[in-house]
Amino acid sequence: MCQIVNMALGRNCKMSVYLRKADYADLDLLFQWVNEPLVRKNSFSSTPVSYEEHKNWYKMVLRDMNCRQYIYMDGGCPIGQVRTVCKKDVVEINYSICAEKRFKGYGKKLLELIGRQVWHDFPQAKKVIGYVKTENIASQKVFLDAGYREAYRTYEFLKENS
């Protein structure tokens with residue numbers, strides 16, 4: 001997806017990373033990214049997202065004063081996304097990097113950038129948290145490398161199917 005977007009924009013990517021506030025024009029790009037197989041696998045809800053569901057959800061995100069959606073850019077090329085949701089004095093983040101740009105150090109820089117952006121967007125915030133599935137070792141490592149610390153783990157006991 002990143003290569004297609006880059007060619008469509010007619011720009012070469014340069015290592016100049018920054019966050020750009022998302023707008024409604026990013027709907028289709030974010031829809032493609034949210035349904036990318038590894039993103040679905042690492043999400044807490046792994047069910048594919050329908051376009052109508054995504055569109056309705058995204059409209060709510062853009063109107064929510066406690067939420068910010070950013071496109072992570074490298075030069076003129078969109079390479080990922082990050083969303084923040086402020087709940088009192090805690091900001092939850094959710095991020096992803098497009099498939100072609102993973103494992104190249106972009107995740108760490110994105111988490112560093114959003115960590116600083118949060119204080120600007122939500123001055124009342126005292127901490128930033130991200131939830132990561134146990135099996136998502138790559139994302140755990142990215143959070144740790146970006147200066148976040150592991151705070152706790154969750155355990156579950158599931159009912160057996162009869």
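This is a short talk on the fold, the aromatic pairs and a few single residues of one chain.

The model is predicted, so please keep that in mind throughout.

I will start with the overall layout. There are six helices and five strands in the chain. Going along the sequence, the order is α-β-α-α-α-β-β-β-α-β-α. The radius of gyration is 16 Å, and the globule rule gives 15 Å for 162 residues, so the chain is as compact as a globular protein of that length. The C-alpha trace covers about 55 × 40 × 35 Å along its principal axes.

Next, burial and contacts across the whole chain. Of the 162 residues, 41% count as buried. If we take contacts with a separation of 6 or more, 64% of them are between residues 24 or more positions apart. The exposed surface of the chain comes to about 10,500 Å², and 54% of that is supplied by carbon and sulfur atoms. As for charge, there are 26 positive and 18 negative charges, and their mean positions lie 4 Å apart.

Now the aromatic residues. A pair of rings is described by two values, the distance of the centres and the angle of the planes. How many aromatic pairs does the chain have? The count is six aromatic pairs. I will take two of these in detail.

One is Tyr72 with Tyr106. The ring centres are 6.2 Å apart and the planes stand at 80°; over 60 degrees counts as edge-to-face, so that is what this pair is. Where do the two residues sit? Tyr72 belongs to strand β2, residues 67-74, and Tyr106 to helix α5, residues 106-121. They are 34 residues apart, and the pair links distant parts of the chain. Are these two tyrosines buried or exposed? Tyr72 has 0% relative accessibility and counts as buried. Tyr106 is buried as well, at a relative accessible area of 8%.

Another pair is Tyr95 with Phe143. Here the centres of the rings are 5.8 Å apart and the planes are at 70°, so this pair is also edge-to-face. Tyr95 is in strand β4, residues 90-97, while Phe143 is in helix α6, residues 137-145, so the pair ties together parts 48 residues apart in sequence. On accessibility, Tyr95 is at 18%, and the cut-off for buried is under 20%, so Tyr95 counts as buried. Phe143, with a relative accessible area of 8%, is buried too.

There is also a cluster: ring pairs link Tyr24, Trp57 and Tyr58.

Let me turn to two small residues. Ser96 is placed in strand β4, the strand that also holds Tyr95. Ser96 counts as buried at 10% relative accessibility. What does Ser96 touch, once neighbours within four places in sequence are left aside? The contacts are with Val39, Gly80 and Gln81. For a sense of distance across the model, the C-alpha atoms of Ser96 and Glu160 are separated by 32 Å, with their positions 64 residues apart along the chain.

Ala146 is found in the segment after α6. With a relative accessible area of 16%, Ala146 is buried. Leaving aside neighbours within four places in sequence, Ala146 is in contact with Lys108, Leu111 and Glu112. Take Glu112: from C-alpha to C-alpha, Ala146 and Glu112 are 5.8 Å apart in space, although they are 34 residues apart in sequence.

Last, two backbone points. Which residue in the loop between β3 and β4 should we look at? That is Lys88, and β3 here means 77-87. Lys88 is not a glycine, yet has a positive phi of about 65°. At a relative accessible area of 74%, Lys88 is exposed. The other residue is Phe103, in the loop between β4 and α5. Phe103 has a positive phi of about 65° too, and is not a glycine either. Is the Phe103 side of this story buried or exposed? Phe103 is exposed, with a relative accessible area of 73%.

To recap the aromatics, Tyr72 with Tyr106 is an edge-to-face pair, and Tyr95 with Phe143 is an edge-to-face pair. The residues in these pairs are buried: Tyr72, Tyr106, Tyr95 and Phe143. By contrast, Lys88 is exposed, and so is Phe103.

Notes:
Residues numbered from 1 in each chain as written. Predicted model: local features only at pLDDT ≥ 70, side-chain atom pairs only at ≥ 80, totals over all residues. Heavy atoms only, no water. Helix = DSSP H or I, 4+ residues; strand = E, 2+ residues; numbered from the N terminus. Rg over C-alpha atoms; globule rule 2.2 N^0.38 Å. Buried < 20%, exposed > 50% of the residue type's maximum accessible area, 1.4 Å probe, protein only. Contact = heavy atoms within 4.5 Å. Areas by Shrake-Rupley, 256 points an atom, 1.4 Å probe, with all protein chains shown as cover. Lys, Arg positive; Asp, Glu negative; His and termini not counted. Charge placed at Lys NZ, Arg CZ, Asp CG, Glu CD. Phe/Tyr/Trp six-rings, centres within 6.5 Å; stacked < 30°, edge-to-face > 60°.
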